[in-house]
Amino acid sequence: MGAGFSQNIWTLCILRLFAGLTFSPKLSIGAGSNADVVTTQNRATASAFYILSPFLGPALGPVIGSFVTVRKSWRWTQWTLIFFAIFSFLLTLFTHQTYKKALLLQRLKSRGLPPPPSPFPSTFAKLRSFLTEFNIAPVTAAMYNGVIFLLDKVEAVSVVFPAKIPYKTLASTISEIRLITLLPGEPDSRICCEIKHASLNDAPQFEALSYEWGSRSNPRRISVHGHRISVTENLHAALNNLRYPRKSRTLWVDALCINQDNILERNDQVRLMARIYSTAHRVVAWVGTEAQGGDDAIALIEDIRDHFQLDLDHPVHFSPHGFRAIGFDPDTKNWSALLQLFQSTYFTRVWVIQELHFAGYVLDSKDQCLFGYGNHWIPRTWLTNAWLFLIYVANSRTEFIKDVGLYGRGDPSGLAEPARTLYLNNNSAMHRMFDILITAYKEGLGQPQVVSLPKAYMAFQSVPRLCFPELFQSDPPKSRAFAQLLRLTCNFNATDPRDKIYALLGMIGDDGKEFPVDYTRSLQEVWREAVSFSITKSRNLEILETNREYIDPHVPSWMTSWLSQLKDGASWSQRSLYRTSADLGAVPPRFSDDGKVLYVKGLTLGTVASCMIPSADVDGVENLELWFEIFRTCLFLYNRSFGPEHQQAFWRTLLMDQDQSIAGKPKLPASESQLLKAATLFNELPVPEYFEPDSQPNVRRDRFTMPFVHQIDDCLKNRCFFVTNDGCMGIGPSCTQKGDVVAVLLGGAHCFLLRPKDKQYQLVGNAYVHGMMQGQSILVDIDGEVVGAKEIRLC
């Protein structure tokens, strides 16, 4: 009846389940009745019919059920079952008792005889046995083993439900922080800590831990004031290796010293991060557990330290002959192990940039920062020395070329060690990190030439130049550093994407204190604040200068999508060479009411009529020589498509009109010698007779044109060459398309490409447009207004 009155499918299913459970035991009654009333000889036939009878339900049920459902409703299927059940019950009223035991009891009762004693225990005896076996015995065992029993229960609960640290409120008015005391212990024993409060105003003595949180999939337990606390496996390994066996150690560890569940406290403590790491008497950086070959990596770092004492101010030119002269044999070293250390994911974490920056200058010989790798702890100066060694090897790459032909075709066997390993393992994570740290140390964070350890022929450029030009001509210089840091760190990682902005605030001085840190705000709100902050402080649009693989449809186009961000070559960092908007500052930023549209001011110049696909990612090209031939053929066809009067503009566009003949000191315009190399590359002119006259013709040609090819690759890396409808040539973002609009936005050093969308524009990215980079399109009237400028809405 309950199933018949069901109001939904869930009630029907539950009640049908109960109906089946309650009816199932009654099926055994029929089998017993057969055994009672049918003789042994005929029992098999009766049992067969009885067993087959339940199958009538699956056979006839769908037929009867469908008929009833069509004629009535699904509820009538339940009523039909009830009718059959009532009919079956009525038939039982006319049946006789067949149970042998019941018949015997009836017979004894009719004769006035008492029933025989039961061979089974009484109900009271059953209850006493149950209490003894299932309750009293375990209690007795627990009394003898109480301590072990309780400890097991506590351990099980702590694993399933780890405790939380009972934090006390911090006094933000005195810049109070928490410090942990790491109690002594033997390796791999339980880690025990205590927490205390300290004010940064009192200059407490402590070490600040810089580390990567790592995966939370395999948490470990430590004890904090007796509470079993869950921490990540990487932090557990760091604390285990930091712990002294005989004395305590005072540390600041963000995961333990900040109440991560208290948003207001996180906001306050993040503002103090720069001060915490600069106040600490030493920063200890945990790179991670030792990988295979870790001992070889540390041994190689020590070997480089013993043979070379390097610094940035006195570059060294290396060669295989010079190595042999001092007894340093690179062929016997495990360079892959060293580069594996440099590739640690620790160096990809955005917070590490600020932490190591405030640990001291990375090239300071008195640097106290320690790096931990497995059970090895080495000074950062050793690691920096090894890094500089690899940089100077890359800068001396031509000395390590054993076969120009193989090298030119991208074959690593054409290089001697360690250049061969660097060729295959360029652009390490630590390299990118140290490059930014050196940049940050130079006041104003001037943009350096990108220091890359080349991986293939087109990327094996004449870098690193390690030049830090004074790019900031206006005060305050650090206002622009925010946009620079955002661009330089776009490929670094953070567990919380908002930290990719918050982690940089401490590095831009007092301006960073004005930026609100609030973890209750969404990523889009934080990024909108960052755009407004950067434009207001610097009065330029550097924060909008981007090169992306695609426009993310889920966020406004003026908001950088780190997933689609692509790395530019070094030539794009020289924004001080260009003044597209004629030094006119950006208008104060303004957003729509819903915060999705950014209003800027500028003028449009034309549309993209055609574009060449971006330069290939050489990491994914198996046959580099084939790719280069395709690349050169494309350029050749473009060159031939222009008349003689436009060919020089074409080559200047590919070079962004930069003269990089003096390493680290680019200038405008491109030199005539570069154009001579361009003509030689496409066989329009022969190689000059003075250039390596004793070399083979193809070798002379490759070596003569190599600097030009390297600079083209640097400018076109992840970029598109395009031509506008009025014949202007330029280099745009990777996702440039036909129909994109070329625009000059006030406050921009470069031009911008915009994509029309419903009377608004999507920001594609910044671009170089030859003939427009020195303010040629800007005309100011007597009122100081830019002629033709209009408000442009970026959605």
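Helices (H or I, at least four residues) and strands (E, at least two) are DSSP runs, numbered from the N terminus. Residues are numbered from 1 along each chain as its sequence is written, and side-chain values use heavy atoms, with hydrogens and water left out. The model is predicted: local features need pLDDT of at least 70, side-chain atom pairs count only at pLDDT 80 or more, and totals for chains, interfaces and linings use all residues.

**Leu486 and helix H21**

Leu486 is part of helix H21. Buried means under 20% relative accessible area, exposed over 50%, and partly exposed in between (1.4 Å probe, protein chains only). Leu486 counts as buried because its relative accessibility is 6%. Contact means heavy atoms within 4.5 Å. Leaving out residues up to four places away in sequence, Leu486 touches Lys500, Ile501, Leu504, Trp527 and Ile543. Of the pair Leu486 and Leu504, the C-alpha atoms are 7.8 Å apart in space, and the residues are 18 apart in sequence.

**Cavities and a pocket**

On a 1 Å grid over the protein atoms alone, a cavity is a set of points where a 1.4 Å probe fits but cannot get out; a pocket is an open set with protein on both sides within 12 Å along at least five of seven lines; lining residues have an atom within 4 Å of a point. Grid points are joined across faces, edges and corners, and a volume is the space filled by probe spheres set on the points. Eight cavities of 30 Å³ or more are counted by this rule.

The second largest cavity has a volume of about 100 Å³. Leu486 is one of its lining residues, and among the others are Arg487, Cys490, Trp527, Glu542, Ile543 and Trp562. Helix H21 (residues 478–488) gives the most to this lining, with three residues. For the classes, Ala, Val, Leu, Ile, Met, Phe, Trp, Tyr, Cys and Pro count as nonpolar, Asp, Glu, Lys and Arg as charged, and the others, Gly among them, as polar. The lining of the second largest cavity has six nonpolar, three polar and three charged residues.

The second largest pocket has a volume of about 1,000 Å³. Its lining has 37 residues, and those closest to its centre are Trp213, Arg216, Thr232, Ala255 and Gln260. At least two lining residues each come from strand E5 (227–231), helix H10 (254–257) and helix H11 (263–271). By class, the lining of this pocket has 18 nonpolar, ten polar and nine charged residues.

**Nonpolar cores**

In soluble globular proteins, nonpolar side chains tend to be buried together. A nonpolar core is a set of buried Ala, Val, Leu, Ile, Met, Phe, Trp, Tyr and Cys residues joined through side-chain atoms within 4.5 Å. The largest such core has 130 residues, of which Leu239, Trp252, Phe371, Phe389 and Leu544 touch the most other members. Helix H17 (residues 380–395) supplies the largest share of this core, nine residues. Another core, of 43 residues, lies apart from it and includes Trp651, Ala678, Leu746 and Val769.

Leu544 touches Val531, Trp558, Leu598, Phe752, Leu763 and Leu794, not counting residues up to four places away in sequence. Helix H15 (residues 335–342) is mostly covered, with six of its eight residues buried. These are Trp335, Ala337, Leu338, Leu339, Leu341 and Phe342.

**Cysteines**

A disulfide is a covalent bond between the sulfur atoms of two cysteines. Here the cut-off is a pair of cysteine sulfur atoms within 2.5 Å, and the structure holds zero disulfides. Cys751 is too far from its closest partner for a bond, because the nearest cysteine sulfur, in Cys728, is 9.0 Å away. Cys751 is buried, with a relative accessible area of 0%. Cys795 is also buried, at 15%.

**Backbone exceptions**

Most residues other than glycine have a negative phi, and most peptide bonds are trans. Two cis peptide bonds and two positive phi values are listed below.

| Site | Value | Place |
|---|---|---|
| Glu417 and Pro418, cis peptide bond | omega about 0 degrees | Pro418: loop between helix H18 (404–408) and helix H19 (419–424) |
| Leu668 and Pro669, cis peptide bond | omega about -5 degrees | Pro669: loop between helix H25 (644–654) and helix H26 (672–681) |
| Asp188, positive phi | phi near 70 degrees | loop between strand E1 (176–182) and strand E2 (192–199) |
| His225, positive phi | phi near 55 degrees | loop between strand E4 (220–224) and E5 |

Asp188 counts as exposed, at 69% relative accessibility, whereas His225 counts as partly exposed, at 43%.
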